[in-house]
Amino acid sequence: KGGVFEILRALLPYLVGAGIEVDWYDVSTATEARSALEFLHVLGHGVEPSTTWVDDLVSYRRSLESFSRTGSEEIQAELRSDDVVLLHDTQTALLASTLSRTNSVVWHAHIGATTLSPPLKAYWDLLGPSLAQASACIFYLDAYIPPHLRESSRISPPGVDPSTAKSAPLAL
């Protein structure tokens, strides 16, 4: 959930108003996968989550693969062949390879880093093959796009929707 969830959820009524049929899926996440997904999210910022992050990544792989398999199965059970799937952020990236076998998949990421550090390289080594199967990837900054996804990627700078809870005035 969080701020991006609020922004995307607020966008849905606009799409429906434009005549686009929209469904929202919140993929079930097993407890053991949550820490693996958060770990991966930190890598996506190019940051070392811990001093043992290289070993941690190896141990998290099984949880990440299980989440990908289960999440893909959940979503595929609801999809029609002409549906377009919009996946958001690191946590859903590994679903792209499976879902793209039957549907058009667009992956949107609001995180990244402009310098290719070892954690970011490990991130792209893990997610890159799956995301290469997506129809398109959307990034906030050109500098966030890894070379192997450049052809299928587009830029969409962040925007502010004043109707979201995230944009509400704060009482001081």
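**Helix packing and two loop residues**

In this predicted model, helix α2 crosses helix α3 in a left-handed sense. The residues that build this contact are E32, A33, S35, A36, L37, F39, L40 and L43 on the α2 side, matched by W53, D56, L57, Y60, S63, L64 and F67 on the α3 side. Sorted by class, that makes eleven nonpolar residues, with two polar and two charged ones making up the rest. As for geometry, α2 spans residues 31-44 and α3 spans residues 53-76, and the two pack at an angle of about 125° with their axes 9 Å apart. The pair therefore counts as oblique.

Next up is E21, which sits in the loop between α1 (3-17) and α2. Its relative accessible area comes out at 59%, so E21 is classed as exposed, the cut-off being over 50%. Even so, the E21 side chain finds a partner: a polar contact with the side chain of R80, at 3.2 Å. R154 is another story, as 23 Å separates its C-alpha atom from that of E21, with the two positions 133 residues apart along the chain.

A second loop residue, S135, turns up between α6 (118-131) and β3 (136-139). With a relative accessible area of 46%, S135 is partly exposed. Setting aside neighbours within four places in sequence, S135 touches S104, V105 and S152. T164 lies 29 residues from S135 along the chain, and the C-alpha atoms of the two are 29 Å apart.

Technical notes
Residues are numbered from 1 along each chain as its sequence is written. This is a predicted model: local features need pLDDT of at least 70, side-chain atom pairs count only at pLDDT 80 or more; totals for chains, interfaces and linings use all residues. Side-chain values use heavy atoms; hydrogens and water are left out. Axes are lines fitted to C-alpha atoms, for helices over the stretch in contact, and angles run from 0 to 180 degrees between N-to-C directions. Helices (H or I, at least four residues) and strands (E, at least two) are DSSP runs, numbered from the N terminus. Angles under 35 degrees count as roughly parallel, over 145 as roughly antiparallel, 65 to 115 as roughly perpendicular and the rest as oblique. A crossing is left-handed if the near helix is turned anticlockwise from the far one by less than a right angle, and right-handed if clockwise. Contact means heavy atoms within 4.5 Å. Ala, Val, Leu, Ile, Met, Phe, Trp, Tyr, Cys and Pro count as nonpolar, Asp, Glu, Lys and Arg as charged, and the others, Gly among them, as polar. Buried means under 20% relative accessible area, exposed over 50%, partly exposed in between (1.4 Å probe, protein chains only). A polar contact is a pair of N or O atoms within 3.5 Å; within protein, one must be able to donate a hydrogen and the other to accept it, and residues adjacent in sequence count only if both atoms are side-chain atoms.
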